[in-house]
Amino acid sequence: MRKSGVLMHLSSLPSPYGIGTMGQTAHEFVDFLHRAGQSYWQILPICPTSYGDSPYQSFSTFAGNPYFIDLDELARSGLLDPEEYADLDWGSRADRVDYGILYQKRYKVLQKAAERALQLPNPEFDAFCTQNASWLDDYALFMTLKTANKGVPWLEWEEPLRRRDPEAIAQKQAECAQEIAFWKVIQLFFYRQWDALRRYANGKGISIIGDIPIYIALDSVDAWAHPELFQLDENQRPRDVSGCPPDGFSDDGQLWGNPLFDWEYMKKDGYSWWIQRIDFLCKVYNVLRIDHFRGFDSYYAIPYGSPNAAGGKWHKGPGMELFRAVEQTIGRQHIIAEDLGFLTDSVRQMLKESGFPGMKVLEFAFDSRDSSNHDYLPHNYTPHCVAYTGTHDNDTIQGWMTSADPADVARAREYLHLDDPKNDHWNMMKALWSTVAELTIVQAQDLLGLGSESRMNTPSTTENNWQWRAKPGCFDDDLADKIRQNMALYERL
C-alpha cells in the first residue's frame with residue numbers, strides 16, 4: 001500500500017520555550033499530518049544530547065531528552081507555575097535552538113517540578129523505576145556523577161568511580177539519593193509525555209518512525225556501565241574508533257570517534273545488549289530506522305588519536321547472525337535499514353536476507369561524486385524501499401539547487417523536468433511521490449520551500465547543526481490541503 005510521511009525532529013517544532021517539545025505544538029503537528037493525508041512522522045533519536053548537541057552522540061541509548069519535556073504540560077499537572085518559566089529568556093530567534101541557554105536554564109526549571117513530584121508518594125514513579133531498572137539506575141547515577149564532576153567525561157573521574165568500584169558506587173548511591181531520584185523522575189516526565197504523544201498520533205492514523213544510531217558515544221552511561229561491550233584498552237580508552245574512509249565527498253574521510261563494539265564478546269553473550277536495545281526502541285516507536293546498516297556487515301576502524309579517517313581499516317561485523325538472534329528473541333519487527341553509501345555485494349546480500357526495506361535518496365541520484373548514484377534514480381526504484389528527497393544529513397531541495405555542482409543540477413532539471421525554480425521543491429517532491437516506492441518521506445523544510453539556512457546537519461562539521469526550528473503557524477490548513485491533493489493524485493492517501 002502506497003504511503004507517505006514527513007521527516008521533522010521534535011527539536012524543530014515551534015515553541016515559545018527555546019526548543020520543540022512533546023506538548024501542544026507536537027499534537028498540532030500530528031493534526032497537520034493527518035489533514036495532509038500522511039501516514040508517518042519520522043523523527044531523529046530522542047535520547048539526551050551531549051556536547052555538540054547531536055542526537056547521534058548521546059549520554060544514553062535508552063533515556064529520553066529532558067529538553068523535549070513540555071513545561072506547559074507540567075504546569076497543567078500542578079508541578080510548575082507558569083511564572084517559573086514563561087518569562088525567562090529562551091533565545092532571541094524563533095527559528096533556531098540556543099542549546100547554551102537551554103543547558104543553563106532548563107534543568108533549573110525541571111528541578112522545581114521534580115522536587116514537587118517527589119514530595120508525595122507516587123506509585124507511578126515507583127512502578128516506572130522498577131520496570132526500567134536495567135538502564136535507569138545506571139543512567140541516573142551516571143548523570144549525578146557527571147554533574148558533580150562539572151560535566152567532564154567519565155574517563156576523567158577519580159579512579160574508583162571511573163572503574164565502578166562497588167564500594168565507591170554504593171557510597172555515592174547513599175550520599176546522592178536525592179540527586180539520583182531527580183534524574184529518574186525526569187525520565188518519568190519524559191516517557192509519560194512521549195506515550196501520550198504516540199497514542200495521539202496512532203489514534204490519528206500516524207505511525208512514528210524513530211532512529212537508532214549504530215554507535216554510542218564514548219562519554220555515555222553505556223560505555224561507563226558496560227565497558228566489556230566495546231574495544232577498550234586496559235585504561236578503558238578506545239583502541240580504534242568509528243568513521244568512514246575517504247571518498248568523493250571528503251579527502252580525509254569522516255572521523256566520528258565512537259568506540260567500536262567487541263563483536264566477539266557480544267556473540268558469546270548472545271547479543272543480549274543489542275536485543276535489549278532494539279526491543280526497547282521498537283516499543284518506543286512504531287517503526288525503527290537502523291542507522292549505518294552496512295556497519296553490521298563490515299565496519300571501518302580508525303586508530304584512536306588519528307587526526308582524520310584516512311588510516312583506518314575494514315573489519316568483519318556480525319552480519320545476519322545478529323538480526324537472526326534479535327528476531328528469534330523478540331520476533332519480527334518493523335525496521336528500515338539505512339543502507340546508504342558504498343555497498344558491497346555482502347551488504348546487499350545482508351539487506352536481502354533481512355527483508356528490511358532499504359533507502360533511496362533522490363538528491364544522491366544526481367551527485368557526480370557518488371559512483372553508485374544510478375541506484376538512486378527513480379527508474380531504478382523497486383516498491384520495497386523507503387524513498388527520500390533528502391535526509392537530515394542532506395541540504396534542502398532549494399538549498400541543493402543553489403549549492404550543488406551546476407552540472408549535477410542541470411542533470412536533475414533535465415531528468416525531472418524542473419523548469420520553475422520557485423517550485424523546484426514541489427516538483428522534486430512530486431517526482432518522489434510518483435515513484436513505485438511503497439513509502440516516501442520528505443523533509444518538513446522542503447514542504448515549506450526553505451533553503452540551506454534551514455539545513456539540519458552538515459556532516460563533518462560542528463557548527464550550526466541541529467538548530468533549525470519551524471516558525472509558528474507555518475504548518476497551516478492551506479499547506480495541508482495542498483499536500484493532500486498530491487497524495488490523492490499519486491495514490492498515497
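## Contacts and overall form

A contact here means heavy atoms within 4.5 Å. In this predicted model, 75% of the chain's contacts between residues at least 6 apart in sequence join residues at least 24 apart.

The chain contains 18 helices and 12 strands. Its radius of gyration is 23 Å, which agrees with the value near 23 Å expected for a compact globule of 493 residues. The C-alpha trace spans about 70 × 55 × 40 Å along its principal axes.

## Burial and surface

Of the 493 residues in the chain, 58% are buried. The exposed area of the chain is about 21,000 Å², and carbon and sulfur atoms supply 49% of that area.

## Aromatic pairs

Across the whole structure, a search finds 45 aromatic pairs. One of them joins Phe 182 and Trp 183: the ring centres lie 5.0 Å apart with the planes at 70 degrees, and planes over 60 degrees apart count as edge-to-face, so this pair is edge-to-face. Both Phe 182 and Trp 183 are buried.

Phe 190 and Tyr 191 also form an edge-to-face pair, with 4.9 Å from centre to centre and 80 degrees between the planes. Phe 190 and Tyr 191 are both buried.

Ring pairs further link a cluster of residues, among them Tyr 215, Phe 230, Trp 256, Phe 261, Trp 263 and Tyr 271. The cluster also includes Trp 273, Trp 274, Phe 293, Phe 296, Phe 323 and Phe 356.

## Arginine over tryptophan

Two tryptophan rings have an arginine over the face. Arg 106 lies over Trp 90, at 4.8 Å from the ring centre. Arg 164 lies over Trp 224, at 4.4 Å from the ring centre.

Notes: Residues are numbered from 1 along each chain as its sequence is written. This is a predicted model: local features need pLDDT of at least 70, side-chain atom pairs count only at pLDDT 80 or more; totals for chains, interfaces and linings use all residues. Side-chain values use heavy atoms; hydrogens and water are left out. Rings of Phe, Tyr and Trp (its six-membered ring) pair if their centres lie within 6.5 Å; planes under 30 degrees apart count as stacked, over 60 as edge-to-face and the rest as tilted. Buried means under 20% relative accessible area, exposed over 50%, partly exposed in between (1.4 Å probe, protein chains only). A charge sits over a ring if NZ of Lys or CZ of Arg is within 6 Å of the ring centre and within 35 degrees of the ring normal. Helices (H or I, at least four residues) and strands (E, at least two) are DSSP runs, numbered from the N terminus. The radius of gyration is taken over C-alpha atoms; the globule rule is 2.2 Å times the number of residues to the power 0.38. Accessible areas come from the Shrake-Rupley method with a 1.4 Å probe; for residues, only the protein chains shown count as cover.
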